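Here are my notes on this one, written for someone opening it for the first time. Have a look at the fold below, then read the points alongside it.

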Amino acid sequence: MGSSTRGWFPGADVRRATGTPRVATDQWTEAGAMTDFSAAEEAAMRRALELASTPGVPLGPNPRVGCVLLAPGGATVAEGFHRGAGSPHAEAAALMAAGDRARGTTAVVTLEPCDHTGRTGPCTRALVEAGVARVVFAQPDPNPVAAGGEQALRDAGVDVAFGLLEHEARVVNRAWTFALEHQRPFVTWKFASTLDGRSAAADGTSRWISSLPARTDTHRLRAQCDVMLVGSNTVAVDDPELTVRDEDDQPLPHQPLRAVMGLRELDSDRRILDDQAETVQLRTRDPHQALQSLHGRDRRHVFLEGGPTLAAVFLEAGLVDEVVCYVAPMLLGAGRSAVAELGITTIADARQLCITDVTTLGAGDQANVRITLAPEGDR
Ligand code: AOF
Ligand code: ZN
């Protein structure tokens, strides 16, 4: 990852001293202490991060976690990863795979082992009972319910070190980490516009501003979130279905929650009310309340899909954490703006964003540009 994007999202790396010279196998932890990690532990942590990122693993509400058990000589004994809420945690999966061979190993885990009984039992106890000698983890657990694993392991006589590849681990669970640290879901606002910033023509038509490759890319991003959020006005006017579909336009087996915010009543024939995915209506105009309600439903990443009024409400409340804009090489000269009034009347008050990525999708007359941005001040 380039330095331009490193640590831009809120809460990331805020305490890390950047530019500190490093010894090959040593790391600075977030707390600033230098800890020794072996080359085998670092390689195992890279593998654990790969395991955590296994494609198809369900996202929210649970984090993606990977675990590798190493023999004292550094050889891999077993691996495991978490497959979604209710299934064994990564540590438990690796311990099961190892059986008796877990005794005396070092467990290398991407997240601090949990110390609570939730959908499954505490991993701290499982590690201690299996005779694991040392635990190396990347990211401290930001979940207050499950935290405390480090101390519990030390109290049981296990050698513990942490902070190894912590930044990388936070990136794997970027939205989950944000949501736990801020007690609300991470919000990505996505919109499509013409070169002159319009999201519909003067007569209200808006199909299709984005090209097919850009729309396919939108579905890929939707699949990474656990809520699609729109305003009740958009439902009335545009009638979006808001499901996630694959490249052949087939719905994916696992669909994010569809949420409609606003006080306007929905006609029963709206596509968002079909049986393709679950839908909730958030009867409020307050974005804080809407996010609280979604957080209470264990939702961690909201994909804000419109329209312009809802986007303005979230922007004004400072509740947009990432912006993804698909720009089509087309001009309209008139029509609805991609975002409604923000109360800005002079250039000095313009809302400034930071570009974190620019990618061209498609070619020829299908070419669109995707710009990803972060709110100013998050870098
Ligand atoms: C996971 N997978 O591999 C680890 C987790 O509801 P539960 O019982 O599954 O607990 C979820 C919490 O456990 C989660 O928020 C995180 O804090 C901790 N560790 N969770 O889903 C894992 N290691
Ligand atoms: Zn656990």
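1. A small puzzle to begin with: which residue in β11 does R258 stand opposite? It is T279. Strand β10 (residues 257–261) and β11 run parallel and pair over 4 bridges. Two strands count as paired if DSSP finds at least two bridges between them.

2. Some housekeeping. This is a predicted model, where local features need pLDDT of at least 70 and side-chain atom pairs count only at pLDDT 80 or more, while totals for chains, interfaces and linings use all residues. Residues are numbered from 1 along each chain as its sequence is written, and chains are lettered from A and ligands numbered from 1 in the order in which they are written.

3. The overall picture: the protein has 10 helices and 15 strands. These are DSSP runs (helices: H or I, at least four residues; strands: E, at least two), numbered from the N terminus. Of the 379 residues, 41% count as buried. Buried here means 20 or more other C-beta atoms within 10 Å of the residue's own, with exposed at 12 or fewer and partly exposed in between; C-beta atoms are placed from the backbone. Among contacts with a separation of 6 or more, 70% come from residues 24 or more positions apart. A contact needs C-beta atoms, placed from the backbone, within 7 Å of each other.

4. Now the open sheet of 8 strands. Its order is β11-β10-β9-β12-β8-β13-β15-β14, and the pairing is mixed. β11 (279–282) and β14 (353–361) are at the edges with a single partner strand each, so one side of each is left without a neighbour in the sheet. On average, neighbouring strands of this sheet are turned by 25 degrees against each other, direction ignored. Helix α7 (residues 212–223) lies across β8, β9, β12, β13, β14 and β15, at about 35 degrees to β15. For angles, axes are lines fitted to C-alpha atoms (for helices, over the stretch in contact), and values run from 0 to 180 degrees between N-to-C directions.

5. There is also an open sheet of 5 strands, ordered β4-β3-β5-β6-β7, again with mixed pairing. β4 (76–81) and β7 (159–162) stand at its edges; each has a single partner strand, so one side of each is left without a neighbour in the sheet. The average turn between neighbouring strands here is 15 degrees, direction ignored.

6. Follow β5 through that sheet. What share of β5 is buried? The count is 6 of its 6 residues. β3 and β5 are antiparallel, with 4 bridges, and V68 has V108 in β5 as its bridge partner. β5 and β6 run parallel, joined by 5 bridges; there L111 is matched with Q139 in β6. β6 (residues 134–139) then joins β7 in parallel through 4 bridges, including the one between R134 and D159.

7. Two helices lie across this sheet. α1 (residues 39–52) crosses β3, β4, β5 and β6 at about 145 degrees to β3, and α2 (residues 90–98) crosses β3, β4 and β5 at about 140 degrees to β4. Why call α2 largely enclosed by the rest of the structure? Because 7 of its 9 residues are buried, among them E91 and L95. The buried residues pack against β3, β4, β5 and α3 (123–129). G99 follows α2 and has a positive phi, near 60 degrees.

8. Another helix to check is α6 (residues 174–182), whose buried residues include W176 and F178. Its buried residues pack against α5 (166–172), β8, α9 (287–296) and β12. Q183 comes after α6, with a positive phi near 55 degrees.

9. On the cores: the largest nonpolar core has 45 residues, of which V227, L229, A259, L304 and F314 touch the most other members. Another core, of 44 residues, lies apart from it and includes V68, L70, L127 and F162. A nonpolar core is a set of buried Ala, Val, Leu, Ile, Met, Phe, Trp, Tyr and Cys residues joined through C-beta atoms within 7 Å.
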